[in-house]
Amino acid sequence: MTLFFSYLAYAFCRFLSFLPLRVLYVLSDFIFFITYRVIAYRKKVVNQNLKNSFPEKTPEEIRKIRKEFYHHFCDSFVETIKLWNISQDEMLKRCVCKQPNFFNPYKEQGQSVVAVLGHYGNWEWLTSFAVYDTGDFLTIYKPLHNKVFNKMFINIRERFGAQTLAKNDTLRTMIKHKNQGHFTITAFIGDQTPNRRNLHYWTNFLNQDTPILQGTERIAKKLDQAVVYVKMTKIKRGFYEYEFIPITDKPKETAENEITESHTRLLEDIIKENPSYWLWSHKRWKHKREVQS
C-alpha cells in the first residue's frame, strides 16, 4: 500500500510539473496557508532559529522574516517540481548565471573545482548550470529511503545534464574522474548539520556556536581542486541570479579550516543581506558542544 501511494504521489508531482508556474504559485499560496496558518510546520524551530540568529531584531521584524520565509519555502517546493518539466529557455530566463564562462580558465589549466553553496534561494535550480557544458557537473545528494521519491528527485536534478552523486560515493567518484582526466565541478552543500561522529570543528555562525562539516575542505586539499562559493540572489518571485566567488585555487597552501571559515562567512553575509531565503526550518543547531571538564 505504501508503494502504491508513493507511485501515486510520483504521478501527481509529474502532472504538476506540466502546469505553468503562474498556476503553481496559486498552489504555493494554498500550501502556505496550510503550512503557516493551519499546521504551523516547524514553527517553534523557525522562531527559535531566527531569535537566536538575530537577537537585535524586534518581534515584529522576526515575524516579517518568518512569514516571508514560509512563502519562499512553499514557492521553492513548486519550483522544484516545475524543474522536472520546465523548458531550457524558460529556465535560463528565470535562473540567470552572471558568469557562464567563469570556469573556462580552470578547465584550460586542468584544475577541477569544488563549488560550495548553502540552503539559500532555490539551490535545486542551480542544477541548470549544467546546460553550459563546462564539464561534468556533479551534485551530491543523500539517497532517500523511499526508492520512488529517490528516483523522482534524481530525475529532477538531472533534468539539464547534472550528474547526481550519492554522498557515500563522493570521494571515490571524484578520484575516478581525476584519474580519467575529466574536468569536474562538484557542488557541495556547506551548511549541512554534521552527525555526532563529525562534530570536530565549531565556529560562530549567526551568533551561535555551530559545528561545521570539514569534508569539503579536506576533499579539495586531497585532490588539489580550486574552491569557489556560489552566491544566489532572489530577484523576485520565480526569478533568481547567481554568481561565483573564488575562495582559493591553491587549497593545499591554505591554513587548516581556512576554506571552511571562508565559505561559512560568505553564507553568513548572504543570509544577513536577506534572511528570508535561507532554510530556517532546518534543525541546524540540534547539537551542542560538550563542555570540557
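Student: How many residue pairs are in polar contact across the interface of domain 1 and domain 2?

Tutor: In this predicted model, the interface of domain 1 and domain 2 holds 13 residue pairs in polar contact, with both residues of each pair at pLDDT 80 or more.

Student: Which helices supply at least two residues each to the side of domain 1 that touches domain 2?

Tutor: Four elements do so: helix H1 (2-16), helix H2 (21-38), helix H3 (43-53) and helix H4 (59-82). Of these, H4 gives the most, with 6 residues. By residue type, this side of domain 1 divides into 9 nonpolar, 8 polar and 3 charged residues.

Student: Where do the two domains lie along the chain?

Tutor: Domain 1 covers residues 10-85, and domain 2 covers residues 98-275. Their C-alpha centres are 24 Å apart. To their contact, domain 1 brings 20 residues and domain 2 brings 23 residues.

Student: How much area do domain 1 and domain 2 bury between them?

Tutor: One reads such a contact by the surface that both parts lose on being put together. Here the value is about 2,000 Å², and 58% of it is on carbon and sulfur atoms. On the domain 1 side, Tyr10, Leu83 and Trp84 supply 33% of the area buried against domain 2, more than any other three residues.

Student: What is the count of salt bridges between domain 1 and domain 2?

Tutor: The count is 2. In addition to the count, one may examine a single pair: the side chains of Arg237 and Asp29 form a salt bridge, with an N to O distance of 2.8 Å. This pair qualifies because the cut-off for a salt bridge is 4 Å.

Methods:
Residues are numbered from 1 along each chain as its sequence is written. This is a predicted model: local features need pLDDT of at least 70, side-chain atom pairs count only at pLDDT 80 or more; totals for chains, interfaces and linings use all residues. Side-chain values use heavy atoms; hydrogens and water are left out. Domain bounds come from an automatic or database domain assignment. Contact means heavy atoms within 4.5 Å. Buried area is the accessible area (1.4 Å probe) that two parts lose on being put together, summed over both. A polar contact is a pair of N or O atoms within 3.5 Å; within protein, one must be able to donate a hydrogen and the other to accept it, and residues adjacent in sequence count only if both atoms are side-chain atoms. Ala, Val, Leu, Ile, Met, Phe, Trp, Tyr, Cys and Pro count as nonpolar, Asp, Glu, Lys and Arg as charged, and the others, Gly among them, as polar.
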